[in-house]
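Student: I've got a structure open and I'd like to learn how to read it. Can we start with what "buried" is supposed to tell me?

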Amino acid sequence: MADADQQPKRYQYHGELGQTALPEMLYTVYQHRVPGIIECHRGDVLKRVYLRDGAVIHASSTDRVDSLGTFLRRTERISAEQFVLTDKIRAATADKRHGELLIEHEILSPAQLYEAIQEQIRSVVWSLFSWDDGEVTFSIGDFEEADMVRIYLPMRQMILQGVKRVPDAKALVSRLGRKDTIFEPIWSTEDLIEVAVDEIELKLLRQVDGKRSLYDVCTHGPFTPPENARIIYAFHVLRLIRRRVAERPGVVKLRLRSEPAAGS
């Protein structure tokens, strides 16, 4: 029997959420399409995000606020009486999951429950975008799926919509640079479809033209300046735009082909 030291070990990345921007980490995972689990710790709360094929397929949280029952009640999918009923039954039958009880007691249909779980998972992931402290670990490698409802949430859409929902995005926006920083477009139509950019967001994106400053775009965009700034940050993370590399004075450009010397 092999000892513990001979068992395969997962590669792990460790960081602090005060220094590591979670949206940027998620985009890196999306680019490499590696499976794994992101774990975020803060105080007594642990939240996990399960990733595969460049998408979020599940998320969990030890915070009761994020529990399925609490989420269903908060979003008014179930009544207070239904919440208390199923909570009591679940406490008495440890082998039953909350979702199973909701279906068995005809409180929600399987389709309604699936839709609710999708939103609950989004809510757990997006809540992490607001954490400005805590520990983050990304463990690369496959994982068991037996006890989870598998959802497929495209990563790039999750990042855009999550950043838009951050109540105070100053820390994220500060990563864009100075007010006079200029960004240029690098997007393709396929990118916009995959990210699901809407009509007003596209109007903001088109203002990023390689000439206007970050301050100008945020001030004159279709949303409020703070909203424009956070969406610009999301566009930058998603590689729809990039900082313009200004040509510095006195730097000689390299020729791409040889030319005859003067006088030859």
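Tutor: Sure. A residue is called buried when its relative accessible area is under 20%, and exposed when that area is over 50%. Keep in mind that this is a predicted model.

Student: Okay, let's try one. Is Gln207 buried or exposed?

Tutor: Gln207 counts as buried because its relative accessible area is 13%, under the 20% cut-off. You'll find Gln207 in the loop between helix 9 (199-205) and helix 10 (214-220).

Student: Which residues does Gln207 touch?

Tutor: Setting aside residues up to four places away in sequence, Gln207 touches Arg212, Val217, His220, Gly221 and Pro222.

Student: Give me a case in a helix. What about Phe83?

Tutor: Phe83 lies in helix 3. With a relative accessible area of 18%, Phe83 is buried too. Outside its neighbours within four places in sequence, Phe83 is in contact with Arg64, Gly69, Thr70, Arg73 and Ile78. If you want a distance to check on screen, the C-alpha atoms of Phe83 and Leu72 are separated by 8.3 Å, and these two residues are 11 apart along the chain.

Student: And the cysteines? How many disulfides are there?

Tutor: The test is whether two cysteine sulfur atoms lie within 2.5 Å. By that rule the count is 0 disulfides. You can still read burial for individual cysteines: Cys40 is buried at a relative accessible area of 0%, and Cys218 counts as buried at 9%.

Student: Now strands. What should I look for?

Tutor: Here's the general idea: in a regular strand the side chains alternate between the two faces of the sheet. Then look at who pairs with whom. Strand 2 (residues 36-42) and strand 3 (residues 45-52) run antiparallel and are joined by 7 bridges. Across that pairing, Glu39 stands opposite Arg48 in strand 3.

Student: How many residues sit between strand 2 and strand 3?

Tutor: The two strands form a hairpin with 2 residues between them, and Gly43 in the turn has a positive phi of about 60°. Strand 2 is also joined to strand 5 (residues 135-140) by 6 bridges, again antiparallel. There, His41 stands opposite Glu135 in strand 5.

Student: Last topic: pockets. How does one find them?

Tutor: Rolling a probe the size of a water molecule over the atoms shows where empty space is left. In this model, the largest pocket holds about 690 Å³ of space. Its lining has 27 residues, and His58, Leu68, Arg97, Gln120 and Asp147 lie nearest the centre. Strand 4 (55-61), helix 2 (68-74), helix 3 (80-92), helix 4 (98-104) and helix 5 (110-128) each give two or more residues to that lining.

Student: What is the lining of the largest pocket like by class?

Tutor: An even split: 9 nonpolar, 9 polar and 9 charged residues.

Student: What is the volume of the second largest pocket, and which residues are closest to its centre?

Tutor: The second largest pocket has a volume of about 300 Å³. Of its 18 lining residues, Phe129, Trp131, Asp132, Ala171 and Leu172 are closest to the centre. Helix 1 (22-32) and helix 7 (170-173) each supply at least two lining residues, and helix 7 gives the most, with 3. By class, this lining divides into 10 nonpolar, 4 polar and 4 charged residues.

Notes. Residues numbered from 1 in each chain as written. Predicted model: local features only at pLDDT ≥ 70, side-chain atom pairs only at ≥ 80, totals over all residues. Heavy atoms only, no water. 1 Å grid on protein atoms, 1.4 Å probe; cavity = no way out; pocket = protein on both sides within 12 Å on 5 of 7 lines; lining within 4 Å. Points joined across faces, edges and corners; volume = space filled by probe spheres on them. Helix = DSSP H or I, 4+ residues; strand = E, 2+ residues; numbered from the N terminus. Nonpolar A, V, L, I, M, F, W, Y, C, P; charged D, E, K, R; others polar. Buried < 20%, exposed > 50% of the residue type's maximum accessible area, 1.4 Å probe, protein only. Contact = heavy atoms within 4.5 Å. Pairing = 2+ DSSP bridges.
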